[in-house]
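Here is a friendly tour of helix packing and enclosed space in one protein model. Have the structure open beside you as you read.

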Amino acid sequence: MVFVSFFNIVLAGANSRFYAYSIGAAKVAEDKLEALEECRHWFNTALSIHTVVPFVLISIGYPIGAHAITNWLTIPVDRIADCVWVFRFVCLSCFVGMVNVPFQAMYTARQEIAELTIYSFFTTTFNALFLYYMVSHPGDWLVRYGLWMCLVSVVPQLLICFRACVVYPECKFRAAYMWNRKRFAELMNYASARFWGALSTLIVSHGTSVLVNKLLGPAANAAMSVGNSVVSHSLTLSQSFSGAMWPAVVNAAGSNDHNRMLNLSYAACKFGAILVLIFAIPLSLEANYIMKLWLKTPPDGAASLCMIILYVLAVDKMTDGLWMSIFAKGKIMAYEVTIGIAGFSIFVITWLFIGFGYGVVAYGIARAIGKIPSIILRLHFAKKQAGVSPKLWIRSIAIPILWITVGSVVAGLALKGVMSPSLARVACTTVLSELIFIPLVWCFVLTVENRAFVRERIERVMVKFRRNVENKGATA
């Protein structure tokens with residue numbers, strides 16, 4: 001199922017790119033109806049791929065998986081039938097999830113992600129309620145839990161499909177459009193190029209986990225898991241922002257508005273890094289104490305690993321707009337292959353540094369070292385394919401963000417040095433570092449256009465808030 005999901009992610013990225021590009025082209029097209037049909041072509045091509053590919057994968061994988069459960073894996077005899085049913089539920093969820101990709105990608109391409117967030121919110125809420133019910137009603141929950149997880153995965157995705165067909169005119173079935181060889185080849189070529197970058201990501205995440213487990217044992221895996229968990233929560237805002245900016249960059253490329261594409265790419269670099277550092281700076285200052293508050297006895301190396309990965313990802317986010325501009329242009333094979341090789345090197349470097357005795361921190365060191373060639377490659381390809389200026393990126397993004405980050409960290413460390421470890425110190429260092437970081441960002445990182453963008457968004461939120469207050473007051 002991880003294998004199916006891997007293909008799902010690769011193909012979903014390809015779909016979003018072609019949708020967003022065609023939507024951008026439609027904005028400046030003289031014949032709007034012809035432009036709409038162009039997007040319908042891509043929708044039906046994607047739908048045909050996302051129906052056939054999961055059907056083939058599961059047709060092959062299901063009998064192998066069922067045979068493995070009944071004959072290869074060590075499972076108590078009286079639980080085998082239950083495990084097979086759970087496997088069936090997972091297969092169904094994966095199949096529906098993959099068929100749903102062309103519909104969900106349309107939401108992303110149109111930058112209308114709020115509705116998807118609502119589905120996610122209700123899914124999480126219902127899962128929490130179901131978990132409470134499970135805990136309060138002890139019993140054999142394996143099959144029923146598998147069925148529930150299948151339902152909360154499938155039902156929202158069916159709603160997304162239905163809503164997309166109703167709301168978006170591009171999502172209309174045309175049998176004649178479904179097997180266009182030229183479009184099929186173009187989409188699959190783009191997806192095959194994305195394969196190498198996605199594969200390197202898979203190896204970095206899952207391959208290094210296996211390597212650490214074999215060389216350092218499960219305690220080191222626990223440290224990796226804790227560090228990655230903290231990092232994933234810290235990335236939430238930044239990832240959401242990148243998800244919103246990506247289709248906007250491709251829209252601009254599709255409408256041949258090169259200046260807007262570059263401005264959006266630079267903005268993605270700035271805001272992506274800033275939204276990580278807002279969390280990374282206070283977390284890095286108090287990582288050890290926060291880990292103890294959270295876990296009481298955290299795994300060795302978890303805090304150090306967390307700090308390293310946080311700053312590595314902040315640097316990575318400073319180049320988010322670069323890969324967006326490269327992907328928007330569509331010529332990505334050379335980029336993905338070279339980036340994939342750089343990603344594979346992280347696995348090798350982790351192995352070497354574990355051999356040098358660095359323990360689980362070797363994974364963080366490898367991530368930091370492996371990020372250097374990735375940044376250089378992104379700058380090279382962004383300049384070559386999208387006209388991005390590496391000098392402008394260094395001068396207006398990398399250097400200012402680096403200096404204000406150092407200043408905020410130094411101020412937090414100074415306060416940390418005069419206070420004993422406590423929850424009050426965590427609060428004080430967080431407030432001080434943010435009071436320094438945010439004004440410095442406003443003054444030295446954001447351009448006049450960036451500040452106007454932020455003001456506009458704040459004003460919109462305030463207007464909505466006032467209206468809600470007034471409506472409630474009128475109702476009262």
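Which residues line the largest cavity? This is a predicted model, and in it Val 230, Leu 283, Ala 287, Ile 290, Met 291 and Cys 306 form that lining.

**The cavity**

The count comes to one cavity of 30 Å³ or more. The space in the largest cavity is about 40 Å³. Helix H11 gives the most to its lining, with three residues. The class make-up is easy to remember: six nonpolar, no polar and no charged residues.

**Helices beside the cavity**

Some of those lining residues turn up again where two helices meet. Ala 287 and Met 291, both in the cavity lining, also belong to the H11 side of the contact with H12, along with Asn 288. On the H12 side, the partners are Ala 302, Ala 303, Cys 306 and Met 307, and Cys 306 is another of the cavity-lining residues. This contact holds six nonpolar residues, one polar and no charged.

How do the two helices lie? The axes of H11 (residues 287-295) and H12 (residues 302-317) come within 9 Å and cross at roughly 125°. H11 and H12 are therefore oblique to each other, and their crossing is right-handed.

**Three helix pairs side by side**

Two packed helices are described by the angle between their axes and the distance between the axes. The table gives these values for three pairs.

| Helix pair | Angle between axes | Axis distance |
|---|---|---|
| H11 and H12 | roughly 125° | within 9 Å |
| H14 and H15 | roughly 160° | within 8 Å |
| H10 and H17 | about 150° | 9 Å |

**H14 with H15**

Helix H14 covers residues 333-355 and helix H15 covers residues 361-386; their axes cross at roughly 160°. That makes H14 roughly antiparallel to H15. The crossing of this pair is right-handed. From H14, the contact takes in residues including Ala 334, Tyr 335, Ile 346 and Phe 353. From H15, the residues met include Tyr 363, Arg 367, Gly 370, Pro 373 and Phe 381. By class, the contact of H14 with H15 has 16 nonpolar, five polar and two charged residues.

**H10 with H17**

H10 packs against H17 (residues 423-444) at an angle of about 150°. The two helices are therefore roughly antiparallel, and H10 passes H17 in a right-handed crossing. H10 brings Ile 274, Leu 277, Ile 278, Ile 281, Pro 282 and Leu 285 to the contact. These meet Thr 429, Thr 430, Ser 433, Glu 434, Phe 437 and Val 441 in H17. The classes in this contact are eight nonpolar, three polar and one charged.

**The second largest pocket**

H10 also has a part in an open space. Which helix supplies the largest share of the lining of the second largest pocket? The answer is H10, with seven residues. H9 (236-254), H10 (258-285) and H18 (448-475) each supply at least two residues of that lining.

The second largest pocket holds about 410 Å³ of space and is lined by 14 residues. Nearest its centre lie Asn 263, Leu 264, Ala 267, Glu 449 and Asn 450. If you are thinking about the chemistry of this lining, the classes are seven nonpolar, three polar and four charged residues. The cavity lining, by contrast, has no polar and no charged residues.

Terms used
Residues numbered from 1 in each chain as written. Predicted model: local features only at pLDDT ≥ 70, side-chain atom pairs only at ≥ 80, totals over all residues. Heavy atoms only, no water. 1 Å grid on protein atoms, 1.4 Å probe; cavity = no way out; pocket = protein on both sides within 12 Å on 5 of 7 lines; lining within 4 Å. Points joined across faces, edges and corners; volume = space filled by probe spheres on them. Helix = DSSP H or I, 4+ residues; strand = E, 2+ residues; numbered from the N terminus. Nonpolar A, V, L, I, M, F, W, Y, C, P; charged D, E, K, R; others polar. Axes fitted to C-alpha atoms, helices over the stretch in contact; angles between N-to-C directions. Parallel < 35°, antiparallel > 145°, perpendicular 65-115°, else oblique. Left-handed = near helix turned anticlockwise from the far one by under 90°. Contact = heavy atoms within 4.5 Å.
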